[in-house]
Amino acid sequence: MDKSENFSTTRHSFTTWAKNQLFDNDHRVATKLLDSAVDVHLINLYRDLDIHNKLTKAATAVQLSEALGFSDSAHIALQPMLKRLANHHSFIDADGPGLDCQFKPNQQPDDLSHTLPGITDRMGKLGNDYLATLEFLNFGATHFVRSMRDDHEFMDRVLTGQEKEFEETWHRATNTDPLQDIHGIMGAKAVELLFDGGSILEVGGGTGNGLRNNLDALLNAGRIAEVEKYIFTDVSMQFILNTKRELAARYPKDTCKWQLLNINKDWTEQRVPKGEVSMIYGVNAAHIAMHTVDFMKECIETLKPGGIVVFSERIRRPLEEMAPREIVLNQSSYHRTAAIRHPEYRPQHAYLAREHWLRACELAGFSEYDSWPHESSLSDYFPEQYARVIVARK
Ligand SMILES: C[S@@+](CC[C@H](N)C(=O)[O-])C[C@H]1O[C@@H](n2cnc3c(N)ncnc32)[C@H](O)[C@@H]1O
């Protein structure tokens, strides 16, 4: 990138690319199919857990969670789930904001599980990889009660690679599923447009979606030699080792460095030097930070002058409603409880909205920040578009 260009100029190229080359009809169809499948699974849970009858006595998510015998923080998952059902269906109404919301059941919802084979069939016609998105949803529905009631740490273990049996499930969900891989592809495009040589530090790299897409893009563009070092980090040694085994040989020897990094702890104490990195990158990892603004400040200290962060993230919208993947993510007690809330940039757990990211960037002190693609450019073409790249300059 020409250093005299600012983000808004590059945003235009990125948006044009996203519209013309990234989002095809399959993405749009699959996003809709996934949304329908989520509701079918939620209705199944609603019926199986007898939520209709329980809500006649327990009107809030907190009360419902107690009635179900769920863990202390389970209401944080139940609330957006019920809100989503109330927004999409007439069998339940919601009245009020946040956890004060009162849910009023109108009637028992119909069992829609007979529609799932048809949804799966249509998804499969888009290509086998698309089935991974439904498999992950199914995994979430199957383990919902286990995580919420019987084994509170189960999903935390799955999401940090400590459940051997489900390693492949998570790998497919983060790499094979095209609706998810799109985050890595978008992030890599932003990296290609903004990277100006030097080292890249990836946070929460997990199963390697970011590393693979970034280095493949730079390799294909004949620019891999510009990468002094790609420092791949995660809190999970298991993920680091698996990703190293899978991907290291694909890139020139010594391009990658593998390092444990807990983004919630002091980075210098974890051998991350200050002021030396050109770019900090994350795919659906930045929202994991307990304190969003402090995390961004840590990024600023780690970057060289003029250094850039690129966070490819699912964006929360509508605000109070459960996003498709949250049927799984909200089963993690870390996801429900760790984030330190703030009304201006962190009103909820898990994913942030576009405006929250931008406010957090401003408070952290970045000199320039933006969200790509352009806000309204895809609203007619792909209204359900859920993936964005947050870019910010030191
Ligand atoms: C949603 S996953 C994203 C993984 C990967 N970037 C991808 O898109 O496939 C979040 C990742 O953050 C990691 N993680 C969780 N807590 C963390 C922490 N405190 N510090 C660093 N990474 C963390 C998890 O191990 C996991 O790999």
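These exercises, each with a worked solution, concern a predicted model.

**Exercise 1. Describe the pairing of strand 1 and strand 2, and locate the turn residue with a positive phi.**

Step 1. Take the ranges: strand 1 covers residues 92–95 and strand 2 covers residues 102–105.
Step 2. Get the sense: the two strands pair antiparallel, over 4 bridges.
Step 3. Check one pair: Asp-95 has Gln-102 in strand 2 as its bridge partner.
Step 4. Look at the link: the strands form a hairpin, with 6 residues between them.
Step 5. Read the turn: Gly-96 has a positive phi of about 115°.

**Exercise 2. Work out how strand 3 is joined to strand 4 and to strand 6.**

Step 1. Start with strand 4, residues 227–234: strand 3 runs parallel to it, and 5 bridges join the two.
Step 2. Pick a pair: Ile-200 stands opposite Tyr-230 in strand 4.
Step 3. Trace the connection: strand 3, helix 11 (residues 209–220) and strand 4 make a β-α-β unit, and it is right-handed.
Step 4. Turn to strand 6: this pairing with strand 3 is also parallel, with 3 bridges.
Step 5. Pick a pair here too: Leu-201 has Ile-280 in strand 6 as its bridge partner.

**Exercise 3. Decide whether helix 13 is largely enclosed or not, and find what covers it.**

Step 1. Count: helix 13 spans residues 292–302, and 8 of its 11 residues are buried.
Step 2. Name them: Thr-292, Val-293, Phe-295, Met-296, Glu-298, Cys-299, Ile-300 and Thr-302.
Step 3. Conclude: with 8 of 11 residues buried, helix 13 is largely enclosed by the rest of the structure.
Step 4. List the cover: it includes strand 3, strand 6, strand 7 (303–314) and helix 16 (354–364).
Step 5. Follow one contact: Met-296 is touched by Cys-361, which also touches Phe-366, Tyr-369, Ile-390 and Ala-392.
Step 6. Place Cys-361: it is among the residues with the most contacts inside the largest nonpolar core, which has 108 residues.

**Exercise 4. Characterise the shell around the ligand.**

Step 1. Count the shell: 21 residues surround the ligand.
Step 2. Name the closest: Thr-174, Gly-204, Gly-206, Asn-209 and Val-235.
Step 3. Sort by class: 12 are polar, 8 nonpolar and 1 charged.

**Exercise 5. Classify Gly-127 as buried or exposed.**

Step 1. Locate it: Gly-127 sits in the loop between helix 6 (116–125) and helix 7 (131–150).
Step 2. Apply the cut-off: a residue is exposed at 12 or fewer C-beta neighbours within 10 Å.
Step 3. Compare: Gly-127 has 11 inside 10 Å, so it counts as exposed.
Step 4. Add a distance: Gly-127 and Asp-196 are 36 Å apart, C-alpha to C-alpha, and 69 residues apart in sequence.

Methods. Residues numbered from 1 in each chain as written. Predicted model: local features only at pLDDT ≥ 70, side-chain atom pairs only at ≥ 80, totals over all residues. Pairing = 2+ DSSP bridges. Near = placed C-beta within 6 Å. Nonpolar A, V, L, I, M, F, W, Y, C, P; charged D, E, K, R; others polar. Core = buried A, V, L, I, M, F, W, Y, C linked by C-beta atoms within 7 Å. Buried ≥ 20, exposed ≤ 12 C-beta atoms within 10 Å, placed from the backbone. Contact = placed C-beta atoms within 7 Å. Right-handed = clockwise from strand over helix to strand, strands pointing away. Lists of a residue's contacts leave out its neighbours within four places in sequence.
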